[in-house]
Amino acid sequence: MTKALSKLPRSLNAKMLYASLLGVLLGSVLYFFMIALGQVLIDTVYMSEENVAQRKAEIYSRLSSYVIRNDVSGKDTAALAQWTAENDYVTILVYDSGSRHRSFSGGKAIGADSEIVYDSAQYGRLYPLRFSDGVYLIAIVDNSQVGESLLVNVAAVAVAAGGFILLLLFYMNRLTHRIIALSKAAQEVSSGQLEKDISAAGQDEVSALARSMDEMRRSLIQQMGSESRAWQANTELLTAISHDIRTPMTSMIGYLGLLNDSDFSDIERCRQFSRSAYSKAMDLKDLTDELFKYFLVFGSAELKLDMERYDGRLLLEQLVSEAEFSLTEAGFRVQRMEFEGECSILADPLYLKRVMDNLVSNVMKYGDKAKRVVILSELQNGLLSLCFSNSITRSLDRVESTKIGLRTCKRIMEQMGGSFSTETDGEHFAAELRIPAEIKTETTA
């Protein structure tokens, strides 16, 4: 039963239908309860012998006044019919001395000249009444319980309708409270109060809206955190770059000042100062190149890539060969291990070369020339991966402060649909780039 209920639709339209059906059920129960209660009250209270006798006495009094006032005879059926027309739910039976009677109900004569049946259980008490032509016996039949039954039906319908409306109002009130609470939560989010969760109980449209708003709140928190981290990173970058630029610039100014103040007769000393100033100028160039590279990659949301499909083996062979040549020229020993198989990749070769150049530059700056640099390529699970692994030289006083080159590699690879990751343990460094590959299968004739 519980499982069956859990499978019922939970939308607002479905819930409104359920509430309406419950309202109809509640209204039906209230209606039949009121009918039963009213009938019991009519039978036990309204139609009790005491109350019936009292009403008949009042009817007798009104009829007696009418007969005397209008000088009505016992045989004047028109006058008696008029009186009954003016008194709803009353029937009178007039008995003459010949043991015959006429009855009047609602202004019409009923059963005129029919035989008298002396049965008090049927007609109740007979009342003597003096008409203009003598004394007659009359039987009074009170049918006012019909009107009371009609009132009970009207009251039952009103109570049933009230129950139906109250149940719908209860449901609408709960729905309104949920919407008001959601509106207050939206106002809190718009005012910057992002700490409080937005409740999302239920499975209807309001709950879905609450969950969407909570996801929006979490996204805002994440975005604000990302912006804060980006701002902090940019601040640290500018601080680091300013410090890094200031150091070689101060040294270069010092060497140029010495050149300006020194005696040019000492050619060797001038050459020494000139070489030192040139070295510091090149350091400045490297730093400005790194800064330009950072703003080139991170200054826009999307890179303008020229993506084309290439033979993975040929493209990787060309890029790795250039990297091996540069590292060998710099005094490194390189060990290559190439993947087996054939594949094609979708890439921008210029940006892919920039990634390789950054990795080569990183090895040249921080690699230990006494240890081998391993370049490993693999093809598996639909991915072509290339890993650079080298030992870190112990002569470095500090590690890279900004890691702009590695951030550049990660951004470029992600833009090309791949990935980039690095690992280090303080003595060894490894960088791996991965890009989706379409494996080629060999066909035989």
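# Reading burial, helices and salt bridges

User: Why is Cys 387 called buried?

Analyst: Cys 387 has a relative accessible area of 19%. Buried means under 20%, exposed over 50%, and partly exposed in between (1.4 Å probe, protein chains only). So Cys 387 counts as buried. The model is predicted: local features need pLDDT of at least 70, side-chain atom pairs count only at pLDDT 80 or more, and totals for chains, interfaces and linings use all residues. Residues are numbered from 1 along each chain as its sequence is written, and side-chain values use heavy atoms, leaving out hydrogens and water.

User: What makes Cys 343 count as buried?

Analyst: Its relative accessibility is 0%, so Cys 343 is buried.

User: How many disulfides does a search of the whole structure find?

Analyst: The search finds 0. To count, a pair of cysteine sulfur atoms must lie within 2.5 Å.

User: How do you know what span is expected of helix 3?

Analyst: Helices (H or I, at least four residues) and strands (E, at least two) are DSSP runs, numbered from the N terminus. The expected span is 1.5 Å times one less than the number of residues. Helix 3 covers residues 49–70, which is 22 residues. That gives 32 Å expected, and the helix reaches 31 Å from its first C-alpha to its last. Its buried residues include Val 52, Ile 59 and Leu 63. Asp 71 follows helix 3 and has a positive phi, near 50 degrees.

User: What makes Glu 317 and Arg 336 a salt bridge?

Analyst: The term requires a side-chain nitrogen of Lys or Arg within 4 Å of a carboxyl oxygen of Asp or Glu. Here the closest N and O atoms are 2.9 Å apart, so the pair qualifies. The pair links distant parts of the chain: Glu 317 sits in helix 9 and Arg 336 in strand 7, 19 residues apart. Both also belong to a salt-bridge network with Arg 313, Glu 324, Glu 338 and Glu 342. The whole structure has 10 salt bridges.

User: Why is Glu 317 called partly exposed?

Analyst: Its relative accessible area is 32%, so Glu 317 falls between the two cut-offs. Arg 336, at 25%, is partly exposed too.

User: How do you know that Lys 410 forms a salt bridge with Glu 414?

Analyst: Their closest N and O atoms are 3.1 Å apart, so the pair meets the distance limit. Both lie in helix 11, 4 residues apart, about one helical turn. An α-helix has 3.6 residues a turn, so residues three or four places apart point the same way. Lys 410 is partly exposed at 40%, and Glu 414 is partly exposed at 42%.
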